Amino acid sequence: MKLTFAGVGAAFDPLLYTTSSLVEHAGFRLMVDCGYASLGSSLECDSQLSEIDALYLTHFHADHTFGLPALLGIMAERKRTHPFSICGQNGTEAYVQKLMQVAYPGLLKNLPFRLLFRESDIALELGPLLLEFARSLHPMKNMSVKINAGPLKLGISGDGAMTDETKLLLSDCDFLVHECYSPTERIPGHEAFQPLMSEIAHFGGLRELFLVHVFPDHREVIRQMAIKNSDRDNLIIRLPEPSSCFSLS
Ligand SMILES: [Zn+2]
Ligand SMILES: [Zn+2]
């Protein structure tokens, strides 16, 4: 499985692009979230945006979804022909229809490929992947996802603090991408480094933790905390950069 970060920034971070990642497994390409600034990194060179098979939206905030009109426009301009799936919580199709109506009225009707919507709050099978969901603590309903790719499990939190539901979902992950907004104290609806470390202390097989969506002013402090914690339990903790790419096996 290959994991590429298109962006790693928090909601209003102009430098690190909005948090979005691309998961590739067995020839299938799944993008997770597509914010207003997720398409500007070198993801374009590495993985041909127009060839992504599916997009999963964790929730509907702009920093996770406002890149979608441009993504569909890129696919249309390049005359993509094979179907594209947009997946997410119940209500995703209605949200995307509304977004596209505001952004580019008429584009959805003129796409040269079939647009498929897959909605669930529980689980979806998508090509070679099984996606399972649980709700985090965030001002807007956010469904964290566990991506089962053969024997490997990759969790991606989207936004929000852990809940009993997301802990249960993510506890057997090998790899975890998690929002980490602040160093010590959770601000309402967001995760913080210290409580996150306490929560994942009980995750038996977690090997690598990727911290994203970090508030810009906290990034250096959290980087230092991550270095101090990295030796513990053989867990590797990373603060990835935009366009960084990891082979997960
Ligand atoms: Zn966000
Ligand atoms: Zn959000």
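These questions and answers walk through part of a predicted model.

Visitor: What is the order of the strands in the open sheet of 7 strands?
Guide: The sheet is open, and its pairing is mixed. Neighbouring strands are turned against each other by 20° on average, direction ignored. Read across, the order is E6-E5-E4-E3-E2-E1-E14.

Visitor: Which strands stand at the edges?
Guide: Look for strands with a single partner strand. One side of each is left without a neighbour in the sheet, so these are the edges: E6 and E14 (245–247).

Visitor: Which residue is the bridge partner of glycine 88?
Guide: Strand E5 covers residues 84–88, and strand E6 covers residues 115–119. The two pair in the parallel sense over 5 bridges. In E6, the partner of glycine 88 is glutamate 119.

Visitor: And in E5, which residue is the bridge partner of tyrosine 56?
Guide: Strand E4 (residues 54–57) pairs with E5 in the parallel sense, over 4 bridges. Within E5, tyrosine 56 has as its bridge partner cysteine 87.

Visitor: At about what angle does H4 run to E6?
Guide: E5, helix H4 (residues 92–103) and E6 make a right-handed β-α-β unit. H4 lies across E4, E5 and E6. Its angle to E6 is about 135°.

Visitor: Within what arc do the buried residues of H3 fall?
Guide: In helix H3 (residues 68–77), Leu68, Leu72 and Met75 are buried. They line one face of the helix, because, seen down the axis of H3, they fall within an arc of 60°.

Visitor: What covers the buried residues of H3?
Guide: Both helices and a strand take part. The cover includes helix H2 (62–65), E5 and H4.

Definitions and conventions:
Residues numbered from 1 in each chain as written. Chains lettered and ligands numbered in written order. Predicted model: local features only at pLDDT ≥ 70, side-chain atom pairs only at ≥ 80, totals over all residues. Pairing = 2+ DSSP bridges. Right-handed = clockwise from strand over helix to strand, strands pointing away. Axes fitted to C-alpha atoms, helices over the stretch in contact; angles between N-to-C directions. Contact = placed C-beta atoms within 7 Å. Buried ≥ 20, exposed ≤ 12 C-beta atoms within 10 Å, placed from the backbone. Arc of directions from axis to C-beta.
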